[in-house]
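Please walk through the charged pairs, the backbone outliers and one buried helix position of the structure shown here.

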Amino acid sequence: MHDVVTALTSVRARIGELERRYRREPGSVGLLAVSKTKPPAAVRAAIAAGQQAFGENHLQDAMTKVEALAGQGVSWHFIGAVQSNKTRPIATHFDWVHSIEREKIASRLSAQRPTDQRPLDVCIEVNVSGEESKSGVQPAEVETLARLICELPALRLRGLMAIPRPAADFESQRIPFRLLREILDDLNSKGLELDTLSMGMTGDLEAAIAEGATMVRVGTAIFGPR
Ligand SMILES: *Cc1c(COP(=O)(O)O)cnc(C)c1O
């Protein structure tokens, strides 16, 4: 069986090494363990090894784990496309949504967030790869959506997320991540207070950390191939 504990230890060590290499503050790059398609036992192994934040992209698959692991102090992050008929369970059972692309979805999540829970942390997903990618908001439209989200009482806008088109070499991988960071810096210079750059996966972790990722979303390197 795939050894989640060993893999998690080596991913953490790698993140620490990359923080040093790119002069990032120690501990400034958070690790979201992407457990999509994996069974509750895999998540349990990661929890036992001290992992606390998990990413899921499919509601039904996630709910099996959310229910099996209730009370374990886990934070659940929704990282997939949000359909409008799924906003209520997402608003109820998740702590974060990284993939906000439309005002309508944001409004529904805010309206449906249970009042006894803290505001839902959210990121706007940005299309940083141009025409080849269909998901995410165009860079020129991010500010408008960001300002609308800031008006929603039960959401807290934390930052931006991107899934760039895969690129083979390191310098090409850096370009879309740099763009995402520049968009975040621009919003902050206009008075927003955003602290999260959700970027970098197993294949482009280093480029994302070099460009300022504050949360990397890692699946394969922790849980093995899907
Ligand atoms: C699956 C997924 C990941 C993790 O990808 P790996 O290549 O397995 O590390 C990260 N982010 C999102 C949005 C995903 O859907």
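Two residues are in contact when they have heavy atoms within 4.5 Å of each other. The model is a predicted one. With that cut-off, S110 is a convenient place to begin: leaving aside its neighbours within four places in sequence, S110 is in contact with L152, P153, A154 and L155. S110 lies in helix α5, which covers residues 103–112. Its relative accessibility is 8%, so S110 counts as buried.

The next topic is surface charge. R88, R102, K104 and R108 form a positive surface patch. One of these residues, R88, has its place in helix α4 (residues 87–93). R88 counts as exposed because its relative accessibility is 51%, and the cut-off for that class is over 50%.

Other charges are paired. Side chains of opposite charge can pair when their charged atoms come close. How many salt bridges does the structure hold? The count is 14, where a salt bridge requires a side-chain nitrogen of Lys or Arg within 4 Å of a carboxyl oxygen of Asp or Glu. Three pairs and one network are described here.

K65 and D61 form a salt bridge, with 3.2 Å between the closest N and O atoms. Both residues belong to helix α3 (residues 59–68), and because they are four residues apart there, about one helical turn separates them. K65 is buried, at a relative accessible area of 1%, while D61 counts as partly exposed at 22% relative accessibility.

A second salt bridge joins R118 to D121, where the closest N and O atoms are 3.3 Å apart. Here the acidic partner, D121, is buried, with a relative accessible area of 2%. R118 has a relative accessible area of 46% and is therefore partly exposed.

In a third salt bridge, the side chains of E211 and R181 meet at 2.5 Å, N to O. E211 is in the loop between α8 (205–210) and β8 (215–218), whereas R181 is in helix α7 (residues 170–189), so this pair ties together parts that are 30 residues apart in sequence. Is E211 buried or exposed? At 2% relative accessibility, E211 counts as buried. R181 counts as partly exposed, with a relative accessibility of 26%.

Salt bridges also link R14, E17, R21 and E206 in a network.

The backbone provides the last topic. Most residues other than glycine have a negative phi. Which residue in the loop between α1 (4–21) and β1 (30–34) can be examined against this background? That loop contains R23, which is not a glycine and yet has a positive phi of about 55°. R23 counts as exposed because its relative accessibility is 75%.

T37 is another non-glycine residue with a positive phi, in this case about 70°. T37 lies in the loop between β1 and α2 (40–48). With a relative accessibility of 52%, T37 counts as exposed.

Conventions:
Residues are numbered from 1 along each chain as its sequence is written. This is a predicted model: local features need pLDDT of at least 70, side-chain atom pairs count only at pLDDT 80 or more; totals for chains, interfaces and linings use all residues. Side-chain values use heavy atoms; hydrogens and water are left out. Patches are made of residues with over 30% relative accessible area and no salt bridge: like charges are joined within 9 Å, nonpolar side chains (Val, Leu, Ile, Met, Phe, Trp, Tyr) within 5 Å. Accessible areas come from the Shrake-Rupley method with a 1.4 Å probe; for residues, only the protein chains shown count as cover. Lys and Arg count as positive and Asp and Glu as negative; His and the chain ends are not counted. The place of a charge is taken as NZ of Lys, CZ of Arg, CG of Asp or CD of Glu. Helices (H or I, at least four residues) and strands (E, at least two) are DSSP runs, numbered from the N terminus. Buried means under 20% relative accessible area, exposed over 50%, partly exposed in between (1.4 Å probe, protein chains only).
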